[in-house]
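Open the model in your viewer and show side chains as sticks. We will move from stop to stop, selecting as we go.

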Amino acid sequence: MCQRMSFHRFDVRRFFKQLQKWQMRKVKPLAISLMDVPDKSEGDRKLYRAVNLSNGVRALLISDPGGSDPTVASQSSIVPSKASRSGSSDSSLEHYQGKLAACAVLMSAGSFYEPRQYQGLAHFLEHMIFMGSEKYPIENAFDSFVTKSGGFTNAHTENEDTCFYFEVEEQHLDKTLDMFMHLMKEPLMSIDAMARERSALQSEFEQTHMIDEVRRDQILAAMASDGYPHGTFSWGNLKSLQENVDDDHLHKTLHAFRRSHYGANRMTVCLQAQMPLDDLQSLLVQHCTGIPPSEEQPLDVSKLHYRKAFREKFFNNVLLVQPVEDVCKVEITWVMPAMRQFYRCKPDAFISQLLGYEGVGSLCAYLRRRLWCMSVIAGVGGGSFETNSIYSLFTVAIYLTDEGFEHLDEVMAATFAWIRLLHDCNTLATAYSEMKQIADTNFRFQIELPSMDNVQSIVEALRFLPSKDVLTGTQLYFDYDEKAIGVVKQHLNEFRFNIMISSHIPYEHLEYDQTEPWFGTHFRAIEMPSKWKEMWMNPIPHQELKMPGQNQFITTDFTVHWLEAGKPHVGRRPKALIKDDLCELWFRQDDTFLLPDGFINLYLITPLMRRSPQDYMSGVLYTYLVEFCIAEQLYPALVAGLTYGLDTADKGLVLRVSGYNQKLPKLLEIIMNVMQNMTIDPAQVVSFKELKKRQIFNSLITGRSLNLDLRLTVLEHLRFNLMQKYHALESINIENVESFKNNFYKKMYVQALIQGNFTEQQARDIMKMVNTIFRSEKVENLGEQHNRLMQLPLGEHFLRVKTLNEDDPNTIVSNYYQIGPCNLRMECLMDLVDLVVEEPFFNQLRTKEQLGYSLGVYQRIGYGILAYILNINTQENKHKAEHVEERLEAFRSSMPRLIEQLTDQEFDEVRETLINGKKLADYSLDDEVLRNWSEIVSMDYFFNRTDLQIQTLNGLTKQDVLEFLVNYDKYNLRKLSVQVIGASSVSRVSTTQSIADAVAARGSTVGLGRRPGSLAMLLDEVQRNISEEQLLFEQIGNRIRLEFIGDGNNPSHITDISAFKKDLHVYPFVTSNPKYDTKV
């Protein structure tokens, strides 16, 4: 009785408390005031409205009707093609116009506001916000709903702001906004959730703590002047938020911090969907009502002068830093006023383009010709530590070779001379005019961003820019402002900068005597050498250095050929213009994006690539040498909006040029002529050979890449594995590379796709030019160049190998389940399986069992053979490989049950989400080209694959999926488990990622001015190698050998890959295109 009465009294109190809240929410409707409509490019079909709400929310609304009537917009709008309307569904491609709705919310509160007692608190709050609200109390309910709605969500914390963003199918936008805004209004942030999220914060820290750029910023942060907010440790980890921390006090501080700094008055919103602007405005007002104001106002930075932001030792000392990466890098950093105020002129971006120029006469070209440097990058970085409302850090970074480090004084002298040359230049107005012309063109014909990327970039601009300039302000050079440019030049001319040398080779054999406390970076501070001061004060002119001349690659003809021809009907699939013994030319003129853009993709198939590992690696080195040779000459093309790349593939070389179409044939011709006529430098062969050897070694000691290589070595009929490539490099000399250069094209077959703003005749002329330059003969037995897969035996087979790095505890387990020759129905069935099991897979193995942070479940179609893969990156000193494999297998066995547990309605919703995802429009011509090119190089030519997938999915039932999984398990289980097993005990402190994996994870973070193509990838990887891996390379680089684990007498254990494959059946080449026979 007492318990019942107590429960009853609790309910009453809660009722009145809720009633009080409802009464308090009876606020006046939000008033709306309009701001200036943003200026937009002439090709931008989106509609914009900028508004202020009376509670302080500042917002930009974007209606993106696409090609449909904006008043009848639907998230899955389809415009039928002409063939579809005539009833020929087999040959049609639908023109899908559906797009995801997206929202970004920026709170003007970040790490600058957090108490020093709890460093990383702002980042921690970003995590905790998602842990349920009073209206939606289940933790991760928001994330789960977004995922089920075909979307994605994320957030990031900067120094001054925290940005939250999501995308969902438009039909779910209202509910998603309601869930999200309640996280802003009344987040739960329970003390129990706090304990769990600290572990997530620690995992994020561990993934970043080996990134040298992050470590560099923390060293500089320690030099912040007293009273300035950038001297904090903004990442947060267990050390800052758990050690010697009272959880109750931290919990109260967390809530107080949110109330103080999160509020409608400090909130900027960008909302994009296909619905009309009025509907978007109604959603905004509805869901922003009731958000309280913050208790404190934003930081007043007017008294924080940029000149005093760092202590004097920042400018007087040279910092010698021990990097994690195998890098030799010199960074010269000036402290300048906040550059945001100069957004119309952009003096920092203008000057950085000149200092970081890589063309003829540049500092980069001067150093590269001597093999002293890999790249030069200049400018103000995009991170909030580097640019904020107080200051901007302008840096010139030079990535040196080991030889360049030995000539550091000469490098510094050339750098100082280059900076002085810029300061004394009297043609800056001309250079600015050219850069303005390029920026105007890029904005006029800008490529559309995906919805979530778009709202994220716009909301950050809206925070600081007038609404009229929110689209143009980050992209255009409005005015040549001599005063603003003079500010940057003045600072660059002062001997008041920091020099940081990060090198795996100690500078002048000096030992590091200091340790940064958060990341453990070892460093030393020394006085600025007097010889460098003398070089700065009296720089010696270098005759080779000169400012850039006129750019010959700037586009002047923007004719859109489809419009000029009167908008003729264009089929949705590429058309085969030529198909003979020498080549196949596929062409499609763009009638969708209507930009003066084009793509020319060539696959130069040559038997030399299959002949031997030595020939293959000679081809790899050849591509690097070609790109190195053309880098100076073609850098202006990159500046002008063109791109190029030359890469190796299994059957040959892939040559790509893209960008504004007018100059693309010229660009292609220059590259092909260099491929034919360049003189090979023996010194460059030696350098690139050594770099490539390091790159492959790093792949071998990285569990993830070794695991993939082992799996493909078992599965592929034709493959040179990493070990073969590594050892082949040792015997390659200049004669081998010369031989490849002179012979690869003599017998060659070309697959070509020309797509975009070209006419059919232009496409034929380009193909004629290719054939004329190479003058190739027919490849005999072309079919022998096509790879095929081995059929795995029935049952389970295990391939276990010890990691090559004895100090790496990371174990990679990858279970591959081969299903067999793929058809459209099987492909769709596996798509459904993926969508159903992905969330339970992560929830069970990562969240509940804590087996690893990095894991995945996905399907693979290789050479027409369907399979699915379960993999996980764990640590051997925490979870044994055998146990992890057992848990993967246990989950796989549960997959039919997960399907069976779905109600019919839930299954229909899963299927509808999958279909809606396939109906999303291409955001750019690049998306369409990539899809068509994939069909061509795979030789499926299944250009209407998506249409038929949708038709097939509509006919599939839950029972179909269930039978598919059950029958495979009963009658056709063909499993290969590949395990790269880490060290069970290590001498160093291990993290959740191997060092190499941490670097690999940063593959998407490319520097300013990074070129496309194979050479750029090589330089980026090698200059980011790890010092510990470099040491390992020196120790075992010439005697690496894989150690297989298993019982040679057990037929399920693979200890000799060649012996295992010897008697296996080889699948014929298979295509899933129903227009062709299954076997080709």
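Start by selecting Ser-362. This is a predicted model, and in it Ser-362 is buried, with a relative accessible area of 1%. Ser-362 sits in the loop between H12 and helix H13 (363-369). Which backbone oxygen does the side chain of Ser-362 reach? It is that of Tyr-357, at 3.3 Å. Now show what surrounds Ser-362. Leaving aside neighbours within four places in sequence, Ser-362 is in contact with Tyr-357, Trp-418, Leu-545 and Lys-546.

**Into H12**

Step back into helix H12 (347-355). Select Ser-352, which lies in this helix. Ser-352 is buried too, at a relative accessible area of 12%. Not counting residues up to four places away in sequence, Ser-352 touches Ala-378, Gly-379 and Phe-394.

**H18 and its cover**

H12 also leads to the next stop, as it is part of what covers the buried residues of H18. Select helix H18, residues 482-492. Its buried residues are Ala-484, Ile-485, Val-487, Val-488, Lys-489, His-491 and Leu-492. Note that a lysine and a histidine, Lys-489 and His-491, are in that list.

Now color the cover. Besides H12, it includes strand E12 (328-337) and strand E14 (391-400). Helices H15 (408-424), H16 (428-444) and H19 (530-537) are also among the covering elements.

Zoom in on the N-terminal end of H18. Which residue caps it? Asp-481 does: a side-chain oxygen lies 3.0 Å from the backbone nitrogen of Lys-483.

**H22 and its two partners**

Select H22 (residues 613-639) together with H24 (residues 682-700). Their axes come within 10 Å and cross at roughly 120 degrees. H22 and H24 are therefore oblique to each other. The crossing is right-handed. On the H22 side, the contact is made by Met-617, Val-620, Leu-621, Tyr-624, Leu-625 and Phe-628. On the H24 side, select Gln-684, Val-685, Phe-688, Lys-689, Lys-692, Gln-695 and Ile-696. How do these contact residues divide? Nine are nonpolar, two polar and two charged.

Keep H22 and swap H24 for helix H23, residues 664-677. H22 and H23 pack at about 145 degrees, with their axes 10 Å apart. This crossing is right-handed as well. H22 contributes Tyr-622, Val-626, Cys-629, Ile-630, Gln-633, Leu-634 and Ala-637. H23 contributes Leu-667, Ile-670, Ile-671, Val-674 and Met-675. The contact of H22 with H23 holds 11 nonpolar residues, one polar and no charged.

Look at the spacing of the side chains along these helices. An α-helix has 3.6 residues a turn, so residues three or four places apart point the same way.

**Two long-range meetings**

Select Leu-277 in helix H10 (residues 277-288). Leu-277 is buried, at 13% relative accessibility. Add Asp-64, which is 213 residues away along the chain. Their C-alpha atoms are separated by 9.2 Å. Not counting residues up to four places away in sequence, Leu-277 touches Leu-47, Tyr-48, Arg-49, Leu-61, Ile-62 and Ser-63.

Next, go to Ile-812 in strand E25 (residues 810-821). Ile-812 is buried, with a relative accessible area of 7%. Its C-alpha atom is 6.2 Å from that of Arg-704, though the two residues are 108 apart along the chain. Leaving aside neighbours within four places in sequence, the contacts of Ile-812 include Gly-703, Arg-704 and Asn-707. Ile-872, Asn-873, Val-978, Gln-979 and Val-980 are also among them.

**Two loops with positive phi**

Most residues other than glycine have a negative phi. Select Asn-140, in the loop between helix H3 (121-128) and helix H4 (141-148). Asn-140 has a positive phi of about 65 degrees. Asn-140 is partly exposed, at 36% relative accessibility.

Then select His-509, in the loop between strand E15 (498-503) and strand E16 (514-515). Its phi is near 60 degrees, again positive. Is His-509 buried or exposed? At 76% relative accessibility, His-509 counts as exposed.

**Zoom out**

Finish with the whole chain. Its secondary structure comes to 38 helices and 30 strands. Of its 1080 residues, 59% are buried. Among contacts with a separation of 6 or more, 83% join residues 24 or more positions apart.

Note on methods
Residues numbered from 1 in each chain as written. Predicted model: local features only at pLDDT ≥ 70, side-chain atom pairs only at ≥ 80, totals over all residues. Heavy atoms only, no water. Axes fitted to C-alpha atoms, helices over the stretch in contact; angles between N-to-C directions. Helix = DSSP H or I, 4+ residues; strand = E, 2+ residues; numbered from the N terminus. Parallel < 35°, antiparallel > 145°, perpendicular 65-115°, else oblique. Left-handed = near helix turned anticlockwise from the far one by under 90°. Contact = heavy atoms within 4.5 Å. Nonpolar A, V, L, I, M, F, W, Y, C, P; charged D, E, K, R; others polar. Buried < 20%, exposed > 50% of the residue type's maximum accessible area, 1.4 Å probe, protein only. Polar contact = N/O pair within 3.5 Å; in protein donor to acceptor, adjacent residues only side chain to side chain.
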